[in-house]
Amino acid sequence: PTKEVAFALTLAPDQVVEPVGVALTPDGEHALISVRGADDLYVLDLVQHSVNMVTLSSAPAAMEVDAIADRTVLVYAGSPTADVLDHDLFDIETIDLDEPMTDIVEGDGFALLHSDNGQDVYRLDLQTGALVEFRLQAAALSVHLAPTEDFAVAFVRFRDGASLVL
């Protein structure tokens with residue numbers, strides 16, 4: 001293998017940029033890179049060899065690319081919002097939530113947003129922006145989508161143990 005191009009994420013030699021997440025757009029033409037402690041999302045154009053920056057709502061806790069909707073969803077541990085990034089113009093649509101989310105489970109054209117610190121689980125349609133809120137009896141330790149995508153299973157934490165919620 002040979003190196004085709006190197007992308008500098010900063011022009012200042014004393015500035016440290018620590019990437020924490022990377023994802024490719026479905027067409028493979030762009031790499032999306034989130035960095036530790038910053039609300040910047042670096043968009044690397046792998047065809048034209050350029051770098052663009054998109055300002056997010058906060059430093060992301062999780063990021064998932066959806067090939068069906070051709071969009072990326074991001075959630076934030078410190079902000080009750082979700083951002084949906086369009087891959088055509090790299091515009092952000094911000095969606096208000098009741099509480100911060102830290103995890104994303106990807107479905108075909110939708111995402112399930114949840115956090116182990118809260119009782120809400122959201123189903124976000126990535127095409128329309130439609131949001132459905134589900135309220136659990138306790139915080140979800142994990143959420144798993146059925147292979148048919150007809151339902152999800154949440155593993156929740158109670159004071160005296162844990163339980164599955166269908």
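Modeller: In this predicted model, a charge counts as sitting over a ring if CZ of Arg is within 6 Å of the ring centre and within 35 degrees of the ring normal.

Colleague: What makes arginine 123 a residue that lies over the face of phenylalanine 110?

Modeller: Arginine 123 is placed at 3.9 Å from the ring centre of phenylalanine 110, and because the rule asks for a distance within 6 Å, that value meets the distance limit, so the pair is listed as a charge over a ring face.

Colleague: Why is aspartate 45 called buried?

Modeller: Aspartate 45 has a relative accessible area of 15%, and since buried means under 20%, the residue therefore earns the word. Aspartate 45 belongs to strand E3, residues 40-45, and touches Phe7, Glu29, His30 and Ser50, leaving aside residues up to four places away in sequence.

Colleague: What makes the approach of the aspartate 45 side chain to the backbone nitrogen of valine 47 a polar contact?

Modeller: The side chain of aspartate 45 reaches that nitrogen at 2.9 Å, and because a polar contact needs N or O atoms within 3.5 Å, the distance fits the rule.

Colleague: How do you know that strands E6 and E7 pair?

Modeller: Strand E6 and strand E7, residues 79-86, are joined in the antiparallel sense over 6 bridges, and because pairing asks for at least two, the two strands qualify. Within this pairing, valine 75 stands opposite alanine 82 in E7, and the hairpin formed by E6 and E7 has 2 residues between the strands.

Technical notes
Residues are numbered from 1 along each chain as its sequence is written. This is a predicted model: local features need pLDDT of at least 70, side-chain atom pairs count only at pLDDT 80 or more; totals for chains, interfaces and linings use all residues. Side-chain values use heavy atoms; hydrogens and water are left out. Helices (H or I, at least four residues) and strands (E, at least two) are DSSP runs, numbered from the N terminus. Buried means under 20% relative accessible area, exposed over 50%, partly exposed in between (1.4 Å probe, protein chains only). A polar contact is a pair of N or O atoms within 3.5 Å; within protein, one must be able to donate a hydrogen and the other to accept it, and residues adjacent in sequence count only if both atoms are side-chain atoms. Contact means heavy atoms within 4.5 Å.
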